[in-house]
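Colleague: I would like to go through this model with you. May I ask about its sheets, its ligand site and its hollow spaces?

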Amino acid sequence: MMRDSSAALLVKGYAWLPDSRRGSADGVVETRLLGRRAYGIGGPSAARFFYDERHVRRTGAVPGSVQATLFGRGAVHTLDSLEHRHRKAMFLTLFTTDRIADLVAETGAAWDTAAPGWVGRPVSLLDAAAAVLADGVARWMGLPPDGDLAGDCVAMVDGFATAGQRHWQARAARRRQEQRLSDVVATLRDGRAGGDTPLEVIARHRADDGHLLTRGTAAVEILNIARPTVAVSWLVAFAAHALHRWPDHRDPLRSGDRAFAEAFAHEVRRFYPFAPFVGGRAAGDVEFAGHAIPTGSLILLDLYGQNHDPALWKDPYRFDPERFLGPDAEAARDPFTLVSQGAGNPAAGHRCPGEPNTVALLSDLAIRVACLDYDVPPQDLDIPLDRVPTRPRDGMIVVPR
Ligand code: HEM
């Protein structure tokens with residue numbers, strides 16, 4: 001009888017899967033999670049295996065507690081095959097280069113409006129960036145203003161993987177936002193057609209069977225853009241953490257060097273822990289690296305471990321944006337190597353469609369943080385690996401001058 005690792009996962013957080021893989025003979029972990037047979041895999045060949053629908057499917061893979069907090073019920077994350085492809089295309093049409101430039105401009109304007117109010121007082125960069133990103137994404141999507149959006153999106157991300165108060169706050173935040181946004185969708189559908197804001201595109205999107213999404217599902221997918229955009233605030237806090245520890249990176253960012261800023265953004269995504277792994281279920285009796293995996297088993301792809309694997313990354317625990325600029329840059333950006341937001345082709349599989357948005361927003365906001373003149377007061381800068389999602393313990397507090 002295989003041991004159940006649920007308790008170890010809760011206790012060890014990000015370290016559980018990489019440690020377990022290192023402790024196995026061939027980097028494949030065979031275990032149980034919540035009583036279900038589970039396999040933990042990692043590395044580019046594992047990513048290729050995982051992102052092939054003949055091997056791994058998502059229907060029934062996302063636990064109810066994660067749907068009730070992070071993704072919402074009926075979300076694109078939980079679909080397979082044609083239904084998935086069709087819904088995914090809706091997201092991808094919204095994330096063109098021009099639209100992303102508009103999003104960055106909206107967010108920059110929100111930063112410029114907010115920043116003077118930060119002077120002379122301690123500000124959590126995570127919370128401040130969340131408010132800026134919520135303002136920017138709401139304007140960009142065409143959502144009516146709502147003072148709770150930033151806090152609710154942060155709560156949904158912060159509470160998805162834990163029991164207790166954070167989890168209940170996440171559920172309440174999702175209920176509030178889904179209710180509000182399904183009313184917004186209903187009002188919009190009652191009005192005249194026309195307009196191509198992301199809100200309108202989602203509200204009028206027709207599924208592969210020709211039907212409009214239910215109001216609830218439309219609200220879920222609106223939140224699947226707003227929430228992760230606000231979550232870029234975690235990466236902004238990590239960017240400030242990196243600039244505090246390795247201040248030499250400040251000058252190239254201050255000079256507005258866009259290529260460096262993008263490399264810096266990639267290294268923040270690689271180096272700091274955010275999504276620990278992605279999971280799916282075996283589509284049939286499948287085999288990976290000599291392991292027979294019975295149909296329905298849980299399969300986890302180790303994102304955090306792969307981003308720190310010394311076989312793929314020289315000196316993986318060194319923060320070095322040059323990895324994404326020098327001669328190794330192409331290999332570093334390989335779609336099956338850097339897996340912070342999943343792997344493979346976003347149109348054909350579940351890889352995050354918001355990666356270009358994330359990189360564009362983070363590059364711009366990293367420059368803005370580097371240009372901000374601030375003191376870093378004494379605080380707990382530790383980033384605990386047993387907390388999922390983790391963050392600098394005090395939220396990365398700065399006192400702008
Ligand atoms: C904050 C940085 C972000 C991180 C770390 C992140 C990470 C991820 C990961 C790990 C997945 C799952 C991939 C899989 O299941 O195989 C994912 C999926 C997804 N992400 Fe992101 N993401 C981020 C930002 C964004 C942004 C900015 C957007 C939208 C504007 C977005 C929208 C989505 C959607 C819609 C999916 C589901 C895709 C699917 O199931 O096909 N994400 N993301």
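**Strands, ligand and spaces**

Modeller: Let us start with one pair of strands in this predicted model. β3 pairs with strand β5, residues 277–282, in the antiparallel sense, and two bridges link them.

Colleague: Which residue of β5 stands opposite Val56?

Modeller: β3 covers residues 56–57, and its partner here is β5. Across from Val56 in β5 stands Ala282.

Colleague: What is the strand order of the open sheet with five strands, and which strands are its edges?

Modeller: The pairing in this sheet is mixed. Its strand order is β1-β2-β8-β5-β3. Two strands pair on one side only, and these edge strands are β1 (29–33) and β3 (56–57).

Colleague: Which strands form the edges of the open sheet with three strands?

Modeller: This sheet has the order β4-β10-β9, and its pairing is antiparallel. An edge strand pairs on one side only. That describes β4 (123–124) and β9 (374–375).

Colleague: Which residues of β10 are the bridge partners of Asp375 and Tyr374?

Modeller: β9 and β10 run antiparallel, with two bridges between them. β10 spans residues 397–400. Asp375 has Val399 as its bridge partner. For Tyr374, the partner is Pro400.

Colleague: What is the bridge partner of Ser124 in β10?

Modeller: Now take β4, which is joined to β10 by two bridges. These two strands also run antiparallel. Ser124 has as its bridge partner Ile397.

Colleague: Which protein atom is the donor to the iron atom of the ligand?

Modeller: Donors to this iron count within 2.8 Å. The protein gives a single donor, at 2.3 Å. Its residue is found in the loop between α15 (329–332) and α16. The donor is SG of Cys352.

Colleague: Which residues come nearest to the ligand?

Modeller: There are 28 residues around the ligand. By class, 15 are nonpolar, eleven are polar and two are charged. Those that come nearest are Tyr51, Arg58, His84, His350 and Cys352.

Colleague: Which helix gives the largest share of the shell around the ligand?

Modeller: Three helices each supply at least two residues of the shell: α5 (81–94), α11 (215–245) and α16 (355–371). The largest share is seven residues. They come from α11.

Colleague: How far from a ligand oxygen atom are the polar side-chain atoms of Tyr51 and Lys88?

Modeller: Polar contacts here count within 3.5 Å. For Tyr51, an N or O atom of the side chain is 2.5 Å from a ligand oxygen. For Lys88, a polar side-chain atom lies from a ligand oxygen at 2.8 Å.

Colleague: Which ligand atom lies 3.4 Å from a polar side-chain atom of Gln341?

Modeller: The cut-off for such a contact is 3.5 Å. The pair with Gln341 is 3.4 Å apart. On the ligand side, the atom is a nitrogen.

Colleague: How much space lies in the largest cavity?

Modeller: A search of the whole structure finds one cavity of 30 Å³ or more. Phe50, Tyr51, Asp52, Glu53, Val56, Arg58, Gly349 and His350 line the largest cavity. Three of these are nonpolar, two polar and three charged. The space is about 50 Å³.

Colleague: Which residues lie nearest the centre of the second largest pocket?

Modeller: About 270 Å³ of space lies in this pocket. Its lining has five nonpolar, two polar and six charged residues. Of the 13 lining residues, those nearest the centre are Trp313, Lys314, Arg323, Asp328 and Ala332.

Colleague: Which two residues does the cis peptide bond join?

Modeller: Most peptide bonds are trans. The cis bond has an omega of about -10°. Pro389 sits in the loop between β9 and β10. The cis bond joins Val388 and Pro389.

Colleague: What is the phi of Ser81?

Modeller: Most residues other than glycine have a negative phi. Ser81 is placed in helix α5. Ser81 is not a glycine, yet its phi is positive, about 55°.

Definitions and conventions
Residues are numbered from 1 along each chain as its sequence is written. This is a predicted model: local features need pLDDT of at least 70, side-chain atom pairs count only at pLDDT 80 or more; totals for chains, interfaces and linings use all residues. Side-chain values use heavy atoms; hydrogens and water are left out. A residue is near a molecule or strand if one of its heavy atoms lies within 4 Å of it. A polar contact is a pair of N or O atoms within 3.5 Å; within protein, one must be able to donate a hydrogen and the other to accept it, and residues adjacent in sequence count only if both atoms are side-chain atoms. Helices (H or I, at least four residues) and strands (E, at least two) are DSSP runs, numbered from the N terminus. Ala, Val, Leu, Ile, Met, Phe, Trp, Tyr, Cys and Pro count as nonpolar, Asp, Glu, Lys and Arg as charged, and the others, Gly among them, as polar. On a 1 Å grid over the protein atoms alone, a cavity is a set of points where a 1.4 Å probe fits but cannot get out, and a pocket is an open set with protein on both sides within 12 Å along at least five of seven lines; lining residues have an atom within 4 Å of a point. Grid points are joined across faces, edges and corners, and a volume is the space filled by probe spheres set on the points. Donors are N, O and S atoms within 2.8 Å of the metal (3.2 Å for Na, K and Ca); water is not among the atoms, so sites may look incomplete. Two strands pair if DSSP finds at least two bridges between them.
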